[in-house]
Amino acid sequence: MNTALPTSLSWSADTRIAFIGGGNMASAVIGGLLASGLPAAAISVVEPLEATRARLAALGVQALPAASDALRGATLLVWAVKPQHFAAAAQPVAAHIGGAAQLSLMAGVPCAAIAAATGSDRIVRCMPNMPALIARGASGAYTAADDAARQLAGRVLATVGSVLWVEKEKLLDAVTALSGSGPAYVFYFLEAMQRAGESLGLTDAQARQLAISTFEGSALLAQQAVDAGDTLAALRERVTSKGGTTQAALDVLRAEGVAQHFEAAMRAAHQRAQELGRAAA
């Protein structure tokens with residue numbers, strides 16, 4: 001687990017990173033790069049929205065309204081547009097890519113579709129998640145590209161959290177179902193815990209604080225335990241005294257089939273990820 005903010009890295013003097021799209025995820029990665037020591041002058045962003053360009057320009061990066069020759073010096077091109085906008089965005093960009101590696105933050109768009117639209121197969125595809133906004137993201141990544149492209153993309157992703165490399169592109173659909181959509185699952189359970197706490201007499205602020213702190217502490221404890229060779233099941237058993245309060249709660253969760261329903265929900269997310277990929281192919 002990445003438990004520290006990005007530290008300063010030694011970036012090559014010729015590193016130039018260009019983003020196509022300047023929305024939330026692009027902004028998160030740009031923030032991670034700046035915090036890691038990459039000079040703002042080494043970053044450019046193609047973003048059609050004037051207000052977003054102004055926000056990015058305030059960080060010192062070059063904000064462009066459209067693709068231009070300014071992209072030609074990029075060593076890495078980061079796709080951060082919505083999947084349904086990729087085809088239109090790729091057309092004016094393709095002429096400027098040259099030999100740059102490409103890192104896709106887009107959900108569902110396969111490497112083959114990116115290669116067909118850009119004429120380059122130096123592609124790293126990843127699925128980040130929302131905690132990247134605070135440098136605590138969990139990104140799943142795949143590439144069949146050269147080591148240089150993989151290493152550069154991996155360094156970029158590491159500035160906003162942890163990176164897990166998968167050996168098959170189709171496994172990114174599983175990453176999407178687990179960690180990509182995962183923050184929403186956590187927020188869903190946090191909401192439920194807060195409501196339950198309120199129904200038992202706590203204020204909304206008290207219930208919310210306890211719920212969030214419980215998730216945060218449990219996740220850190222789980223990582224430490226797993227690193228030490230323990231299992232998640234063993235942790236759960238350790239906090240579940242026979243005949244106690246936790247046992248009573250877990251008995252209800254098992255009787256209601258919560259685990260099975262949760263697995264079914266993730267399978268639905270996985271299926272939808274596959275559908276989006278087929279549509280983008």
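A residue counts as buried under 20% relative accessible area, as exposed over 50%, and as partly exposed in between. L133 has 45% relative accessibility, so it counts as partly exposed. This report applies these terms to a predicted model.

**Overall make-up**

The protein has 281 residues, of which 38% are buried. Its secondary structure consists of 11 helices and 8 strands. Taken along the principal axes, the box filled by the C-alpha atoms is roughly 70 × 35 × 35 Å. About 15100 Å² of surface is exposed, and carbon and sulfur atoms supply 59% of that area. Among contacts with a separation of 6 or more, 60% are between residues 24 or more positions apart.

**The loop between β6 and β7**

L133 belongs to the loop between β6 (123-127) and β7 (137-143). L133 also takes part in a nonpolar surface patch of about 470 Å², together with M130, I134, V186 and F187. A135 is found in the loop between β6 and β7 as well. With a relative accessibility of 9%, A135 counts as buried. Most residues other than glycine have a negative phi. In A135, phi is positive, with a value near 60°.

**Salt bridges**

The whole structure contains 6 salt bridges. Three of them are set out below.

| Salt bridge | Closest N to O distance |
|---|---|
| D69 and R72 | 3.1 Å |
| R125 and E169 | 2.9 Å |
| R272 and E275 | 3.1 Å |

What does the salt bridge between R125 and E169 tie together? R125 lies in strand β6 and E169 in the loop between β8 (161-165) and α6 (171-180), so the pair joins parts that are 44 residues apart in sequence. R125 is buried, at a relative accessible area of 7%, and E169 is partly exposed, at 21%.

R272 and E275 both belong to helix α11 (residues 258-280), where they are 3 residues apart, or about one turn of the helix. R272 has a relative accessible area of 46% and is partly exposed. E275 is partly exposed too, with a value of 29%.

In the bridge between D69 and R72, D69 counts as exposed at 52% relative accessibility, while R72 counts as partly exposed at 49%.

**Aromatic rings**

A pair of aromatic rings is described by the distance of the centres and the angle of the planes. The structure has 4 aromatic pairs. One of them joins W79 and F86: the ring centres are 5.0 Å apart and the planes are at 80°, so this pair is edge-to-face. W79 is buried, with a relative accessible area of 0%. F86 is buried too, with a relative accessible area of 5%.

Y188 and F189 form an edge-to-face pair, at 6.1 Å centre to centre and 90° between the planes. Y188 counts as exposed, at 55% relative accessibility, whereas F189 is partly exposed, at 32%. Which residues do ring pairs link into a cluster? The cluster consists of Y185, Y188, F189 and F262.

**Charges over rings**

Arginine side chains are also placed over tryptophan rings. The charged end of R150 sits over the ring of W165, at 4.1 Å from the ring centre. R155 lies over the face of W11, and here the distance to the ring centre is 4.4 Å.

**Two residues in helices**

T52 is part of helix α2 (residues 50-57). Is T52 buried or exposed? Its relative accessible area is 14%, so T52 is buried. Apart from neighbours within four places in sequence, T52 is in contact with G22 and E47.

V226 is part of helix α8 (residues 204-227). With a relative accessible area of 39%, V226 is partly exposed. V226 and V160 are 66 residues apart along the chain, and 22 Å separates their C-alpha atoms.

Terms used
Residues are numbered from 1 along each chain as its sequence is written. Side-chain values use heavy atoms; hydrogens and water are left out. Patches are made of residues with over 30% relative accessible area and no salt bridge: like charges are joined within 9 Å, nonpolar side chains (Val, Leu, Ile, Met, Phe, Trp, Tyr) within 5 Å. Accessible areas come from the Shrake-Rupley method with a 1.4 Å probe; for residues, only the protein chains shown count as cover. A salt bridge is a side-chain nitrogen of Lys or Arg within 4 Å of a carboxyl oxygen of Asp or Glu. Helices (H or I, at least four residues) and strands (E, at least two) are DSSP runs, numbered from the N terminus. Buried means under 20% relative accessible area, exposed over 50%, partly exposed in between (1.4 Å probe, protein chains only). Rings of Phe, Tyr and Trp (its six-membered ring) pair if their centres lie within 6.5 Å; planes under 30 degrees apart count as stacked, over 60 as edge-to-face and the rest as tilted. A charge sits over a ring if NZ of Lys or CZ of Arg is within 6 Å of the ring centre and within 35 degrees of the ring normal. Contact means heavy atoms within 4.5 Å.
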